[in-house]
Amino acid sequence: MHWTDHVAPVVNTAGGMRWNVGHVEPMRYIFDHELVIFLQGECSVQIEGDRHLFPDGSWLIVPPGR
C-alpha cells in the first residue's frame with residue numbers, strides 16, 4: 001500500500017514536468033492542494049512574495065488560494 005492510498009479525497013497526477021534552467025512558470029491561482037516533488041536540481045518557488053528554495057528530493061504542499 002502506498003502513502004497516497006491514505007490521502008483523501010484522491011491524489012491526481014498532473015504529470016511530470018521537466019524545466020530548463022531559468023524557466024519561470026506563469027503566475028496562477030491554486031484551487032486545490034498541490035503537492036510538488038523536486039526530483040532533480042534546485043528550484044525556487046515564490047508564494048505571495050516570499051521565495052523558497054528546494055533542493056533535490058524535497059517537496060512542497062501548496063494550499064488552496066495561493
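These legends accompany several close-up views of a predicted model.

**View 1. The whole chain, as a starting point.** Before zooming in, let's take stock of the protein, which has 4 strands and 0 helices. Read from the N terminus, its elements follow the order β-β-β-β. Of its 66 residues, 12% count as buried. The exposed surface of the protein comes to about 6,100 Å², and carbon and sulfur atoms account for 56% of that area. Taking the contacts between residues at least 6 apart in sequence, 36% link residues at least 24 apart.

**View 2. Ser58, in the loop between strands S3 and S4.** Here we look at the loop that runs between strand S3 (50-54) and strand S4 (59-62), where Ser58 is found. Is Ser58 buried or exposed? Ser58 counts as buried because its relative accessibility is 14%, and the cut-off for buried is under 20%. Look next for the backbone oxygen of Pro55, which sits 2.6 Å from a polar atom of the Ser58 side chain. Leaving aside residues up to four places away in sequence, Ser58 touches Val36, Ile37 and Phe38. Of these residues, Ile37 turns up again in View 3, as one of the members of a nonpolar patch.

**View 3. A nonpolar patch on the surface.** Which residues form the nonpolar patch? They are Leu35, Ile37, Leu39, Trp59 and Ile61, and together they have about 560 Å² of accessible area. Strands S1 and S4 each contribute at least two residues to this patch.

**View 4. Ile61, a patch member in strand S4.** Staying with the patch, we pick out Ile61, one of its residues. Ile61 belongs to strand S4. Its relative accessible area is 45%, so Ile61 is classed as partly exposed; that class spans the values between the 20% limit for buried and the 50% limit for exposed.

**View 5. Val21, in the segment before strand S1.** The last stop is Val21, which lies in the segment that precedes strand S1 (34-37). With a relative accessible area of 90%, Val21 is exposed. How many residues apart in sequence are Val21 and Cys43? The two are separated by 22 residues along the chain, and their C-alpha atoms are 9.1 Å apart in space. To recap the residues visited one by one, Ser58 is buried, Ile61 is partly exposed and Val21 is exposed.

Methods. Residues numbered from 1 in each chain as written. Predicted model: local features only at pLDDT ≥ 70, side-chain atom pairs only at ≥ 80, totals over all residues. Heavy atoms only, no water. Buried < 20%, exposed > 50% of the residue type's maximum accessible area, 1.4 Å probe, protein only. Polar contact = N/O pair within 3.5 Å; in protein donor to acceptor, adjacent residues only side chain to side chain. Contact = heavy atoms within 4.5 Å. Areas by Shrake-Rupley, 256 points an atom, 1.4 Å probe, with all protein chains shown as cover. Patch = residues over 30% accessible without salt bridge, like charges linked within 9 Å, V, L, I, M, F, W, Y side chains within 5 Å. Salt bridge = Lys/Arg side-chain N within 4 Å of Asp/Glu carboxyl O.
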